[in-house]
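Take a look at the model below. We will follow a few strands first, and then one loop residue.

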Amino acid sequence: MTTDDSADARLFARLRAVWEEVDPMPAGLVDRMVAAVAVEDLSREYALLTLVEGTLAATRGDTDTATLQFSDGRTNVLLHLSVAEDGRRRVDGWVDAQPLSIRLVQDAREWTTDAGEHGRFAFVDIPPGLTRLRLSLPAVAGEADPREFQTPQFEI
């Protein structure tokens with residue numbers, strides 16, 4: 001440690017001591033923040049579990065719906081596929097990241113949509129066929145460019 005580093009460390013220590021005296025951290029703040037984060041995660045998980053539970057109940061006698069889940073270890077996507085009366089498809093999805101773009105791709109055709117505040121998105125009036133979902137995700141620490149999340153092809 002150089003002389004400048006130790007002087008900086010002493011200055012920051014005095015500054016921290018002043019703030020701890022003038023504006024101390026409220027008692028229980030850490031516990032309340034951990035609980036708030038846990039509740040947020042539980043709300044998201046409950047929404048996904050409710051969707052899957054409702055889907056399973058609806059699909060017991062109905063082959064016109066399916067639920068698919070994809071993950072690359074950093075991003076998770078849940079898709080609910082259903083068939084409309086005219087034979088076209090609807091794809092409802094949820095993603096646990098905030099993507100820059102969401103694209104549904106069939107051969108040369110492509111549909112684009114955005115995710116809502118809680119990661120929900122939908123594509124309607126899609127023809128049946130082999131399909132792939134592509135998400136462009138923001139770069140994370142240590143990455144220079146946005147990253148691409150792509151599902152394997154699936155039949156809708």
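Two strands count as paired if DSSP finds at least two bridges between them. Keep that cut-off in mind. The model is predicted.

Start with strand β7, residues 130-137. Which strand do five bridges join to β7? That is β4, residues 101-106. The two run antiparallel. In this pairing, Ile-102 stands opposite Leu-135 of β7.

β7 has further partners. Strand β8 covers residues 147-150 and is joined to β7 by four bridges. This pair is antiparallel too. Leu-135 appears again here: it stands opposite Phe-149 in β8. So Leu-135 faces Ile-102 in one pairing and Phe-149 in another.

Strand β9 is made of residues 154-155. Two bridges join β9 to β7, and the pair runs antiparallel. Two is what the cut-off asks for, so β7 and β9 count as paired. Here Leu-130 stands opposite Glu-155.

Now turn to the loop between β1 (65-71) and β2 (76-83), where Asp-72 is found. Is Asp-72 buried, exposed or partly exposed? Its relative accessible area is 39%. Asp-72 is therefore partly exposed, because that value lies between the 20% and 50% limits.

The side chain of Asp-72 makes polar contacts within its own loop region. It reaches the backbone nitrogen of Arg-74 at 2.9 Å. The backbone nitrogen of Thr-75 lies 2.7 Å from a polar atom of that Asp-72 side chain.

Asp-72 also has contacts far along the sequence. It touches Arg-147 and Phe-149. Asp-72 and Phe-149 are 77 residues apart in sequence, yet their C-alpha atoms are 7.7 Å apart in space.

Key:
Residues are numbered from 1 along each chain as its sequence is written. This is a predicted model: local features need pLDDT of at least 70, side-chain atom pairs count only at pLDDT 80 or more; totals for chains, interfaces and linings use all residues. Side-chain values use heavy atoms; hydrogens and water are left out. Buried means under 20% relative accessible area, exposed over 50%, partly exposed in between (1.4 Å probe, protein chains only). Contact means heavy atoms within 4.5 Å. A polar contact is a pair of N or O atoms within 3.5 Å; within protein, one must be able to donate a hydrogen and the other to accept it, and residues adjacent in sequence count only if both atoms are side-chain atoms. Lists of a residue's contacts leave out its neighbours within four places in sequence.
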